[in-house]
Amino acid sequence: MTHETAILLHAGIGTLALLLYWFGLGSRKGQTVHRRVGRSFFVAMWMVALSVGPLLFLRAGPFDPAHVVQFVYLAVAVMTVSTLGWTAIRWRQQPERFRGWHFRVLGPVLLLLGVVVMAGGLAGPDPVAVVLSSVGLFYGTTMIRFAWVRGPLHPTWWLNWHLNAVCGLFSAVHGTLLFVAWRSLVDPQVGPDTAAMFHLGALIASVVLRVWFGALRDVPYRFTLATEDRATGVPQT
């Protein structure tokens with residue numbers, strides 16, 4: 001396989017993931033179509049992450065450790081967040097299984113990689129790396145916190161994780177795509193600062209989506225019951 005072929009493969013799978021994302025987002029939640037498209041989307045995102053390998057090792061030029069770390073980080077982040085979105089639904093009645101040993105390992109790994117990528121981005125300087133490091137910092141920290149939190153869980157803890165994952169993956173699906181489209185159609189000489197702006201814009205859009213869906217489905221940002229909820233005996237799922 002050549003590097004050009006690897007790029008086409010990565011782009012093709014990414015396009016499929018984009019179509020599945022919007023098809024799933026627009027389908028009726030909880031219905032068979034939504035579940036099937038959702039599963040297909042999460043699998044496609046795993047394939048997108050795995051297709052990063054050929055891009056990394058078939059590229060021309062000298063070996064660049066920083067480049068390798070950043071690509072590995074992005075692959076781990078996409079695969080982890082995709083898994084969270086899937087297992088949050090599948091194991092919504094099994095919170096301890098959801099936050100099992102794999103969860104407790106991936107949280108610190110993702111946080112550590114996020115710190116390393118941010119440090120490298122600040123030292124570079126590489127504004128794209130700095131922006132993308134926020135994914136690992138947020139999900140890694142949140143996973144560590146949820147892994148060890150005690151007390152009754154909020155009935156929507158699983159939907160909270162699902163929305164966090166699906167809305168967060170908006171950035172993974174759209175950030176690079178929008179930048180590549182801009183570079184191809186508008187400004188072929190565009191630099192890393194503009195790329196960082198596209199990724200930052202996609203991250204902001206993902207936060208807006210999470211706020212909107214949270215309000216629409218009445219899903220708070222916490223994972224445990226508030227003190228007043230415990231006093232009134234709100235049931236745990």
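Which helix supplies the largest share of the lining of the largest pocket? I would like to start there, and I should say at once that what we are looking at is a predicted model. The answer is H4, from which eleven of the lining residues come.

Let me set that helix in its context. The largest pocket has a volume of about 1,500 Å³, and its lining is made up of 48 residues, with His10, Phe71, Leu74, Thr176 and His199 lying nearest the centre. At least two lining residues come from each of H1, H2, helix H3 (52–57), helix H4 (65–90), helix H6 (101–123), helix H7 (127–148), helix H8 (157–185) and helix H9 (192–217). As for the character of that lining, 33 of its residues are nonpolar, twelve are polar and three are charged.

The second largest pocket holds about 640 Å³ of space, and here 26 residues form the lining, those nearest its centre being Gly30, His34, Arg35, Ile89 and His162. The helices that each give at least two residues to this lining are H1, H2, H4, H8 and H9, and the largest share, seven residues, belongs to H2. By class, the lining of the second largest pocket divides into 14 nonpolar, six polar and six charged residues.

Now to the enclosed space. How many cavities of 30 Å³ or more does a search of the whole structure find? The search finds one, and about 50 Å³ of space lies in it. Its lining consists of Thr80, Thr83, Leu84, Thr87, Phe98, His102, Phe103, Leu106 and Met143. H4 appears again here, giving the most to the lining of this cavity with four residues, while H4 and H6 are the helices that each supply at least two. Five of the cavity-lining residues are nonpolar and four are polar, with no charged residue among them.

Turning to charged pairs, side chains of opposite charge can pair when their charged atoms come close. In this model the count comes to one salt bridge, which is formed by Glu96 and Arg99, with their closest N and O atoms 2.6 Å apart. Are these two partners buried or exposed, or does either fall in between? Arg99 has a relative accessible area of 4%, and because that is under 20% it counts as buried. Glu96, at 45%, lies between the 20% and 50% limits and is therefore partly exposed.

On the surface, Met1, Leu9 and Leu58 form a nonpolar patch, and together they have about 280 Å² of accessible area. Of these, Leu58 sits in the loop between H3 and H4, and its relative accessibility of 36% falls between 20% and 50%, so Leu58 counts as partly exposed.

Finally, a word on another loop residue, Arg28, which is found between helix H1 (3–26) and helix H2 (32–50). Why does Arg28 count as exposed? The reason is that its relative accessible area is 66%, which is over the 50% limit. With respect to Ser206, Arg28 is 178 residues away in sequence, and the two C-alpha atoms are 20 Å apart in space.

To gather the main points about H4, this helix gives the largest share of the lining of the largest pocket, and H4 also gives the most to the lining of the largest cavity.

Terms used:
Residues are numbered from 1 along each chain as its sequence is written. This is a predicted model: local features need pLDDT of at least 70, side-chain atom pairs count only at pLDDT 80 or more; totals for chains, interfaces and linings use all residues. Side-chain values use heavy atoms; hydrogens and water are left out. Buried means under 20% relative accessible area, exposed over 50%, partly exposed in between (1.4 Å probe, protein chains only). On a 1 Å grid over the protein atoms alone, a cavity is a set of points where a 1.4 Å probe fits but cannot get out, and a pocket is an open set with protein on both sides within 12 Å along at least five of seven lines; lining residues have an atom within 4 Å of a point. Grid points are joined across faces, edges and corners, and a volume is the space filled by probe spheres set on the points. Ala, Val, Leu, Ile, Met, Phe, Trp, Tyr, Cys and Pro count as nonpolar, Asp, Glu, Lys and Arg as charged, and the others, Gly among them, as polar. Patches are made of residues with over 30% relative accessible area and no salt bridge: like charges are joined within 9 Å, nonpolar side chains (Val, Leu, Ile, Met, Phe, Trp, Tyr) within 5 Å. Accessible areas come from the Shrake-Rupley method with a 1.4 Å probe; for residues, only the protein chains shown count as cover. A salt bridge is a side-chain nitrogen of Lys or Arg within 4 Å of a carboxyl oxygen of Asp or Glu.
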